[in-house]
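The exercises below are meant to be worked with the sequence and the coordinates side by side. Each opens with a task, and a solution follows step by step.

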Amino acid sequence: MIRNRHRDRQSPYLLLPNIGQLLTLRGDSTPRRGSALNEVNLIQDAAVLCSGGKIIAAGPQREMLRHPWVKKNRRKLAEIDCRGRVVLPAFVDCHTHPVFVNPRLVDFEKRINGAHYEEIAAAGGGIRSSIGPVRESSRKALSGKVQVALEAMLRQGTATVEAKSGYGLSAKDEIKSLEAIRDAAQHWPGAVSPTLLAAHVVPPEFTEKPQAYVELICEELIPAVARRKLAHYVDVFCERGAFTLEQTHEIFAAAHRNGLDTRAHVCQFTPTLLKELLAYKPASLDHMDCVHQDDVALLGQSRTVAVLLPGASYFLGHKEYPDARRLIDSGVPIALATDYNPGTSPTPSMPFIMSLACTHMKLTPAEAIAAGTINAACALRLQDRKGSIEPGKDADMAVFDVHDYREIAYWFAWNRCAEMIVAGKRQNLDGN
Ligand SMILES: [Zn+2]
C-alpha cells in the first residue's frame with residue numbers, strides 16, 4: 001500500500017459526536033457471504049474516537065463520552081460535529097484504471113450509433129486507442145491525471161483505491177504508468193494498491209506474435225516490477241480478443257514466481273472456466289457477467305472475491321447486469337467497484353455504483369455498502385486495516401449529508417458526501 005507523505009498539524013486526537021446512524025461493518029476478517037452481506041452493524045446516536053490515525057472506539061454516544069480515553073485526552077481532543085448525519089467506513093474502490101490521457105469520445109458516439117465493444121476494438125478503437133497518448137506522455141503528466149481521479153474519488157467517499165497500469169503496454173511504458181500511480185499516491189491522503197495490467201490487450205507491434213508479448217510480460221516486466229516493488233498484484237484481461245486461459249496461466253505462474261499476487265478480468269463478454277485459475281488463489285476475479293454454474297459453487301467455497309462492475313454494464317448500454325443475487329445466494333463473496341476507465345466506465349463515484357447495484361442487480365442498500373467497504377477491502381487483502389470502523393483499524397470514514405444510510409444509493413448522481421476523515425484527519429474537499 002502506498003501512503004502519502006503529507007504531515008499537517010491537526011490534532012491526532014479526534015472525536016466524532018452526534019452521529020445519527022453509524023455503520024461500523026465490524027466483524028471477523030473474512031469477506032461477508034449470503035445473508036451476512038446485509039449486516040451493516042448500525043448504531044443510532046453514536047460517536048467515534050480516533051487517535052494517531054486509528055480508531056480507538058466506536059459505539060453509542062453515551063458510552064463513548066464516558067470512555068476513560070475521552071477524560072484523559074479531553075484537552076487535546078478535536079471534534080467534528082456530525083449533526084445527526086450518517087457515518088460509515090470510507091469506500092474501498094477495488095478496481096480502477098486511472099492511468100490514461102483522453103476520454104474516448106469517438107467510441108462513445110459509435111456505440112450510440114449501434115456499434116458493439118468488439119467491433120470498436122477491431123476498428124482500432126477501445127483500449128488500443130489509449131496506448132499512443134500514454135506512451136507519448138511523461139510520467140509527470142500521467143501522475144497528474146491519476147491525481148485528478150483520486151481527488152474526485154475522495155470527494156465521493158473513497159479513501160482506498162486499487163489502481164492498474166495497462167495503457168502503456170511496453171516494459172518502459174507500463175513501468176512509467178506504475179511510477180505515475182506511485183507519484184500520485186504520495187500526494188493523496190488515502191491508500192493506493194497498485195496492479196500491473198500489462199496483459200490488458202496485445203499491443204499493435206505484437207499482433208502477429210502475441211506469445212512473444214506474453215513472454216516479455218513473464219520474463220522481463222513482472223520481474224522488474226517485483227524487484228522495484230511497483231505493484232502488489234498482476235492482473236490479466238482473460239477474454240476473447242485479449243488473452244487466453246492458457247496465457248493467463250503463464251502470467252499467473254510468473255507472478256507467483258516473483259512473489260506477486262494475482263487478480264483477473266474474467267467472464268465479461270464470454271464465459272471462461274474458472275476452476276484452474278482458482279488454483280492460484282487470486283485475490284479477486286472481476287466482472288463475472290457470465291459465470292458457469294459449476295464455477296459459482298466453487299467460488300462459494302473459496303476466499304477469492306467476485307468484484308462486480310455495474311458501471312461498465314451501464315455505460316456499454318447492456319440490458320443484462322452481473323447476476324449478483326445468484327452469486328450472493330450461492331455464498332460467493334462479492335464486492336463492488338467503479339472500474340474507472342476511459343472506455344467502459346468513466347465514473348469515480350462509488351455511491352453511483354451502489355445505486356446501479358440496487359436498481360439493476362437487486363442488492364439491498366445495506367448489501368451494496370458492505371460490498372463497497374469491507375468486502376472490497378477483502379478483495380485487496382486489506383481487511384485488517386480497511387473497510388470497517390472498529391478499534392485498531394485505520395480511521396478512514398465518510399460523513400454523508402443524509403439521515404438514513406439507504407439515501408446514499410437512493411440520490412443517484414448527487415454527491416451527498418459532506419466530510420472525509422482519512423487516517424484520522426479531516427480532509428478539505430473544496431479543492432480542484
Ligand atoms: Zn477493468
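Rings of Phe, Tyr and Trp, the last taken by its six-membered ring, form a pair if their centres lie within 6.5 Å. The structure is a predicted model, and every value below is computed from it.

**Exercise 1. Survey the aromatic pairs, and classify two of them by the angle of their planes.**

Solution. Begin with the count, which by this rule comes to 11 aromatic pairs. For Tyr314 and Phe352, the ring centres are 5.4 Å apart and the planes stand at 85°, and since planes over 60 degrees apart count as edge-to-face, the pair belongs to that class. This pair joins distant parts of the chain, given that Tyr314 belongs to helix 12 (residues 310-315) and Phe352 to helix 14, 38 residues apart. Next, compare the surroundings of the two partners: Tyr314 is partly exposed, at a relative accessible area of 45%, whereas Phe352 is buried, at 14%. The second pair is that of Trp411 and Trp414, with centres 5.1 Å apart and planes at 70°, so it too is edge-to-face. Here Trp411 is partly exposed at 29% relative accessible area, and Trp414 is likewise partly exposed, at 48%. The face of Trp414 is also covered by Arg416, which lies 4.2 Å from the ring centre. Finally, note that Phe100, Tyr167 and Tyr340 form one aromatic cluster.

**Exercise 2. Decide whether helix 14 is enclosed or open to its surroundings, and describe both of its ends.**

Solution. First take the accessibility of each residue, with buried meaning under 20% relative accessible area. Of the 12 residues of helix 14 (residues 350-361), 10 are buried, and the helix is therefore largely enclosed by the rest of the structure. Among them are Met350, Pro351, Phe352, Ile353 and Met361. Then turn to the start of the helix, where a side-chain oxygen of Ser349 comes within 3.0 Å of the backbone nitrogen of Phe352. At the other end, helix 14 is followed by Lys362, whose phi is positive, near 60°.

**Exercise 3. Identify the protein donors of the zinc ion and assign the geometry of the site.**

Solution. The donors are found to be His95, His97 and His265, each through NE2, together with Asp339 through OD, at 2.0 to 2.7 Å from the ion. Read along the chain, they follow the spacing H-x1-H-x167-H-x73-D. The angles among the 4 donor atoms run from 81 to 170°, and the site is classed as irregular. As for accessibility, both His95 and His97 are buried.

**Exercise 4. Contrast the settings of Thr195 and Arg33: which is buried and which is partly exposed?**

Solution. Start with Thr195, which lies in strand 8 (residues 191-199) and is buried, with a relative accessible area of 0%. Beyond its sequence neighbours, Thr195 touches residues including Glu162, Leu178, Tyr233 and Arg263. The last two of these also meet each other, for the charged end of Arg263 sits over the ring of Tyr233, 4.4 Å from its centre. Arg33, by contrast, is placed in the loop between strand 1 (13-23) and strand 2 (42-51), and at 26% relative accessibility it counts as partly exposed. Its contacts outside the local sequence include Leu299, Ser302, Arg303 and Pro333. With Ser302 there is a polar approach as well, in which the backbone oxygen of Ser302 lies 2.8 Å from a polar atom of the Arg33 side chain.

Technical notes: Residues are numbered from 1 along each chain as its sequence is written. This is a predicted model: local features need pLDDT of at least 70, side-chain atom pairs count only at pLDDT 80 or more; totals for chains, interfaces and linings use all residues. Side-chain values use heavy atoms; hydrogens and water are left out. Helices (H or I, at least four residues) and strands (E, at least two) are DSSP runs, numbered from the N terminus. Buried means under 20% relative accessible area, exposed over 50%, partly exposed in between (1.4 Å probe, protein chains only). Contact means heavy atoms within 4.5 Å. Donors are N, O and S atoms within 2.8 Å of the metal (3.2 Å for Na, K and Ca); water is not among the atoms, so sites may look incomplete. Four donors count as tetrahedral if all angles lie between 85 and 135 degrees; four count as square planar and six as octahedral if opposite donors are over 155 degrees apart and all others between 65 and 115; anything else is irregular. A polar contact is a pair of N or O atoms within 3.5 Å; within protein, one must be able to donate a hydrogen and the other to accept it, and residues adjacent in sequence count only if both atoms are side-chain atoms. Rings of Phe, Tyr and Trp (its six-membered ring) pair if their centres lie within 6.5 Å; planes under 30 degrees apart count as stacked, over 60 as edge-to-face and the rest as tilted. A charge sits over a ring if NZ of Lys or CZ of Arg is within 6 Å of the ring centre and within 35 degrees of the ring normal. Lists of a residue's contacts leave out its neighbours within four places in sequence.
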